[in-house]
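The following exercises concern backbone geometry and burial. Please work through each task before reading its solution.

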Amino acid sequence: MLIKKKKDLPDNQVTDYSIYQSRRHFMKTMAGLGLMATAGGIIQPSFANTSRQFSTNEKLTSFDDISSYCNYYEFGTGKSDPKKNAHSLVTSPWSVVVEGECQKPGKYNLEDLLKPVSIEERNYRFRCVEGWSMVIPWMGFPLAELIKRMKPTSKAKYVYFETLLDPQHMPGQKTKVLDWPYTEGLRMDEAMNPLTLMATGLYGKDLLNQNGAPLRLVVPWKYGFKSIKSIAKIRFMEHQPVNSWQKANMTEYGFYSNVNPQVNHPRWSQRKERRIGEFRKRKTLMFNGYSEQVASLYKGMDLKKNF
Ligand SMILES: Nc1nc2c(c(=O)[nH]1)N[C@H]1C(S)=C(S)[C@@H](COP(=O)(O)O)O[C@H]1N2
Ligand SMILES: [Mo]
């Protein structure tokens, strides 16, 4: 399926990583001069402003690494399994059920969910609990935009997400490695934070299945497992939901899962990380480097208890 948005780029401009990088360099230079233009024509000023406000300018991980080294247990537990197996996922047609504490529940076609949004590009650090990290140029829109349209009631304190349940096309769901469907949750203020994205693509193209097509969450200050893929259900809840990894192992995984070099996973230190494509490890940053934007959400909380 192809979600065509005005800010998407023609395939031939982005298939090659080096061309993508040089286009970005060109755009940054133009933006620096106050000119908002690309080879293809005029782009919206908001596009450049948003990417500057939220994006890191660290070196991007290659498209090849992002689409080859994946975690998607519905398609196997190995890092290279999703790329091999995820072709069987059917992403068109796609619908998302919205339910719970909101005034606009229903079953929405993906096209209807995306019609009113404008897709932005943001380069986010992405840190897995297993100790590796990437920098990914996501395409997406703030989750807050979707939440506002659904008009949550005053009882809605949390947002819960579910991945599609379809064992026929997701062979991992025939095994018991996790309790299916994969589930995740955010506190309402985390969900409304402008950093939290609903992603539809990366590197200017629609998401590949292994990266969570057609719609996934991206929460850059939290460990990667919070960024649930191929979302089929959103539920507004009064009480804190339990996510798949908590269900699997309550002592190893918490609800918050904020990137925190001070709190180790029982089997791994979280002080350092290996950026995919690099050899020497880096020091992991509190909130994955997004303290300025999110530390206030956790004021007064003991983050060693609320891990
Ligand atoms: N449905 C679903 N979503 C998921 C996972 C999964 O197994 N199933 N893995 C999570 C984990 S552990 C990580 S690190 C990220 C990986 O995203 P990527 O493969 O696009 O890099 O997806 C998260 N979302
Ligand atoms: Mo992960």
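**Exercise 1.** Determine whether Phe-287 is buried or exposed in this predicted model.

*Solution.* Step 1: the relative accessibility of Phe-287 is 4%. Step 2: a residue counts as buried under 20% and as exposed over 50%. Step 3: Phe-287 is therefore buried.

**Exercise 2.** Locate Phe-287 in the chain and describe its phi.

*Solution.* Step 1: Phe-287 belongs to the loop between strand 14 (282–283) and helix 10 (291–294). Step 2: its phi is positive, at about 50°. Step 3: Phe-287 has this positive value although it is not a glycine.

**Exercise 3.** Give the phi, the location and the burial class of Ser-257.

*Solution.* Step 1: Ser-257 is a residue other than glycine, and its phi is positive, near 55°. Step 2: Ser-257 is placed in the loop between helix 9 (244–248) and strand 13 (272–275). Step 3: the relative accessibility of Ser-257 is 5%, so this residue counts as buried.

**Exercise 4.** For the peptide bond from Ser-92 to Pro-93, state whether it is cis or trans, and place Pro-93 in the chain.

*Solution.* Step 1: omega of this bond is near 5°. Step 2: the bond from Ser-92 to Pro-93 is cis. Step 3: Pro-93 is situated in the loop between helix 5 (81–85) and strand 3 (95–100).

**Exercise 5.** Repeat the analysis for the bond that joins Ala-213 and Pro-214.

*Solution.* Step 1: omega is about 0° here, and the peptide bond between Ala-213 and Pro-214 is cis. Step 2: Pro-214 lies in the loop that runs between strand 10 (205–206) and strand 11 (216–218).

Note on methods: Residues numbered from 1 in each chain as written. Chains lettered and ligands numbered in written order. Predicted model: local features only at pLDDT ≥ 70, side-chain atom pairs only at ≥ 80, totals over all residues. Heavy atoms only, no water. Helix = DSSP H or I, 4+ residues; strand = E, 2+ residues; numbered from the N terminus. Buried < 20%, exposed > 50% of the residue type's maximum accessible area, 1.4 Å probe, protein only.
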